[in-house]
Amino acid sequence: MTGPSAPGGPSVPEAAGDGRRGRPRSAAADTAIVEAVLRLIEEGASIGELSMEGIARAAGVGKATLYRRWPGKNALLLDVVRSLDDDLPPAPGVSVRDDLVALLEHLRRRGLAKRHSAVLRTVLTHVQAQPDVWREYHETVIRARREAVHAVLRRGMARGEIRADREVEVLADLFVGPMLARALIDERTALPEGLAEQIVDTVLEGVRPRP
């Protein structure tokens, strides 16, 4: 779930521990803090050089304001990454093919964004290097994406559009794997328009129900 964002700014997720009683959270402060982190990185600050004190100063808030929202820098950086993530598009629901194409196209565009955003690469690389933070990112953002693909595949099975005698997890890997390999593993590989359709159509040929 994401919180409100300032016009043209990142969508700021609700930080952990937001259910505590007390003074209501300020969405404007949340956005200012996340934007301050992004601005500092854009200006050349490394992740190691960032401090909660420096972030608070750049955001124009007190250090206590940061610690009421995030227990430390890693938790804050996790929300910074989440703020840069686009929400998954709603599945059209017309056919399993159209739904899968929409999901893979989102991954393609995400891969392009990562290649062209030094800020996103910097923060995401840091999060991946922190096992606990990366695990939480995986359990929230990545798991939601996988579950969306699984839901599409189950609908396809129920409609008779794809074979129902294969594990959903294996089918998901067949569809999503080629896009992830191009987008994340080898960033020199092209991500042209039409790639999502090409992958989906190729895999569908092998997983459609047999006569």
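# Exercises on helix packing in a predicted model

Helix 1 and helix 2 pack with their axes 8 Å apart, at an angle of about 110 degrees. This is a predicted model, in which local features need pLDDT of at least 70 and side-chain atom pairs count only at pLDDT 80 or more, while totals for chains, interfaces and linings use all residues. Residues are numbered from 1 along each chain as its sequence is written, and side-chain values use heavy atoms, with hydrogens and water left out.

**Exercise 1.** Classify the packing of helix 1 and helix 2, and describe their contact.

*Solution.* Begin with the conventions. Helices (H or I, at least four residues) and strands (E, at least two) are DSSP runs, numbered from the N terminus. Axes are lines fitted to C-alpha atoms, for helices over the stretch in contact, and angles run from 0 to 180 degrees between N-to-C directions. Angles under 35 degrees count as roughly parallel, over 145 as roughly antiparallel, 65 to 115 as roughly perpendicular and the rest as oblique. Helix 1 and helix 2 are therefore roughly perpendicular to each other.

Next, list the residues in contact (heavy atoms within 4.5 Å). Helix 1 contributes Ala32, Ile33, Ala36, Val37, Arg39 and Leu40, and helix 2 contributes Gly54, Ile55, Ala58 and Ala59. Finally, sort them by class: Ala, Val, Leu, Ile, Met, Phe, Trp, Tyr, Cys and Pro count as nonpolar, Asp, Glu, Lys and Arg as charged, and the others, Gly among them, as polar. The contact of helix 1 with helix 2 has eight nonpolar residues, one polar and one charged.

**Exercise 2.** Determine how helix 5 is oriented towards helix 8 and towards helix 7.

*Solution.* Take helix 8 as the first partner. Helix 5 (residues 96-116) and helix 8 (residues 168-185) have axes 9 Å apart and an angle of about 10 degrees. Helix 5 is therefore roughly parallel to helix 8. Their contact comprises nine nonpolar, one polar and four charged residues.

Turn then to helix 7 (residues 131-159), whose axis is 9 Å from that of helix 5, at an angle of about 155 degrees. These two helices are therefore roughly antiparallel to each other. On the side of helix 5, the contact is made by Val96, Asp99, Leu100, Leu103 and Arg110; among the residues of helix 7 are Tyr137, Arg145 and Ala148. By class, this contact of helix 5 with helix 7 has eight nonpolar, one polar and five charged residues.

**Exercise 3.** State whether Arg145 is buried or exposed, and list what Arg145 touches.

*Solution.* Locate the residue: Arg145 lies in helix 7. Apply the cut-offs: buried means under 20% relative accessible area, exposed over 50%, partly exposed in between (1.4 Å probe, protein chains only). Arg145, with a relative accessible area of 17%, is buried. Leaving aside residues up to four places away in sequence, Arg145 touches Asp85, Leu88, Arg110 and Tyr137.

**Exercise 4.** Describe the largest nonpolar core and place it in the whole protein.

*Solution.* A nonpolar core is a set of buried Ala, Val, Leu, Ile, Met, Phe, Trp, Tyr and Cys residues joined through side-chain atoms within 4.5 Å. The largest has 28 residues, of which Val37, Leu50, Leu76, Val123 and Tyr137 touch the most other members. Elements giving two or more residues to this core are helix 1 (27-42), helix 2 (52-59), helix 4 (73-84), helix 6 (118-128) and helix 7. Helix 1 supplies the largest share, six residues. Overall, the protein has nine helices and zero strands, and 41% of its 211 residues are buried.
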